[in-house]
Amino acid sequence: MSVLALNRLCREVLRDRAFRERMKSDPAAAVAQLDLTAEERQALLAGDVAKLYRMGVNVFLMGYLCRFEVCGLTLPVYSERIRSAGH
Amino acid sequence: MAEIVAAYGVPHTPFFPWIVQRDGPESPTALLFKKARDSFEAARPDVVIIFDTDHLNTFFLDNLPVFAIGVTEVFKGPNDEPRAVPPYTIESLPRLAAHLRERGVRAGFDVALVQDFEVDHSVIVPLHFMTPDMRLPVIPVFINGHIPPLPSAQRCFDLGAVLKGAIEQWPEPLRVAVIGTGSFSLEVWGPRIDPGKSDGVPDPDWVQEVCRGIGASQIERLISAATEARMLQAGNVGGELLNWLAMLAFVGARKPDFLDTQLENGHAYAGWCWR
């Protein structure tokens, strides 16, 4: 599991403007070097925040993916998907 | 000797500065914060202690203290880009902060030392509204109210009581104000947010119960009710109540001068000024 790497990635979207831009323009290339499982990589690039949540990614940090609209996420999309994760 | 002169509980919603900029000084949020600011200014504090829960912007999952005190000449924030908030540089009082930490550790609280840090909206938003010229030194005390396991409500209240005693032993004649910041029922970016929004208030009944306890100074009962499960049932940032409980240790049996409950936002504004 590479949940810590996923969590770090989310915070880099906030902190590193250049990385943020790469995540917008070519997310697959931006995360190519990260040590993620195939499942994690797929969930991230699909913006599948419900699955990332179940994997243990922190929601405050996932919020940056939505706020900066990377991996196809917008507020309506994020909201619908995370709500489907149940509690 | 230093003396505690006032205490406040306020929210730190990151988009409030933007809402107030957009809606003006007569908007509800502006007026609620103005009430707190007027009382705060009347208290004439020399230094502010703020109990705060970081949102993984000062700390992170690789290094996450349950309790920490910032011991530094100066710190900056916000480091999470809330809208309509300028970058601030805030002075602190490292000697007093180190004293608070030492007394905490001696009393059995393993309070981490942080010397080189930035803070997020949760420290800056209350200060932005209550002391926007940032002329006062501020000592941040961090409580992990977000990432379980959380410290118990009793332990946070007891930490507040120890720090109160430590301030009262400080030989310099400082007037000290205390702020506890956060919501009682709020889900942020998690499964219980409202459709199309980034947050939601899952449990207004809990907000009412908390505010009844604060209004009636029934803090022991509130501490008993505020288990980790109960706080998190009210939302994933429900543990921010712990900041209020640490602040309430400074208040004693006093009734609040004002207590404005905002059920729809899951939080409240309260103030006590006694000197």
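Colleague: Across the interface of chain B and chain A, how many residue pairs are in polar contact?

Modeller: The rule finds 12 residue pairs, both partners at pLDDT 80 or more. That confidence filter applies here because this is a predicted model. On the side of chain B that touches chain A, the residues divide into 12 nonpolar, 8 polar and 6 charged.

Colleague: Why is the pair Glu81(B) and Arg17(A) called a salt bridge?

Modeller: Take the distance. The side chains meet at 3.1 Å, N to O. The cut-off is 4 Å, between a side-chain nitrogen of Lys or Arg and a carboxyl oxygen of Asp or Glu. Arg17(A) brings the nitrogen and Glu81(B) the oxygen, and 3.1 Å is within 4 Å, so the pair counts.

Colleague: How many salt bridges does the rule find across the interface of chain B and chain A?

Modeller: It finds 3.

Colleague: Which residues make up the contact, and how many come from each chain?

Modeller: Chain B gives 26 residues and chain A gives 26 residues. They count because heavy atoms of the two chains come within 4.5 Å.

Colleague: What area is buried between chain B and chain A?

Modeller: About 2,100 Å². Carbon and sulfur atoms give 60% of that area. The value is summed over both chains, so it is not the loss of one chain alone.

Colleague: Now the pockets. What volume does the largest pocket have, and which residues lie nearest its centre?

Modeller: Its volume is about 790 Å³. The lining has 30 residues, with Arg67(A), Pro14(B), Phe15(B), Trp189(B) and Ser198(B) nearest the centre. Residues of both chains appear in that list.

Colleague: What makes Arg67(A) a charged residue and Phe15(B) a nonpolar one?

Modeller: The class follows the residue type: Arg counts as charged and Phe as nonpolar, so Arg67(A) and Phe15(B) are sorted that way. Over the lining of the largest pocket, the classes are 13 nonpolar, 9 polar and 8 charged.

Colleague: Which elements supply at least two residues each to that lining?

Modeller: α6 (59-67) of chain A and α1 (16-23) of chain B do. The largest share, 5 residues, comes from α6(A).

Colleague: How much space lies in the second largest pocket?

Modeller: About 330 Å³. Of its 20 lining residues, the closest to the centre are Phe15(B), Phe16(B), Lys197(B), Glu264(B) and Asn265(B). Two or more lining residues come from each of α1, α2 (28-42), β10 (199-200) and β12 (267-273) of chain B. Here α1(B) gives the largest share, 4 residues. By class, this lining has 8 nonpolar, 6 polar and 6 charged residues.

How values were computed
Residues numbered from 1 in each chain as written. Chains lettered and ligands numbered in written order. Predicted model: local features only at pLDDT ≥ 70, side-chain atom pairs only at ≥ 80, totals over all residues. Heavy atoms only, no water. Buried area = accessible area lost by both parts, 1.4 Å probe. Polar contact = N/O pair within 3.5 Å; in protein donor to acceptor, adjacent residues only side chain to side chain. 1 Å grid on protein atoms, 1.4 Å probe; cavity = no way out; pocket = protein on both sides within 12 Å on 5 of 7 lines; lining within 4 Å. Points joined across faces, edges and corners; volume = space filled by probe spheres on them.
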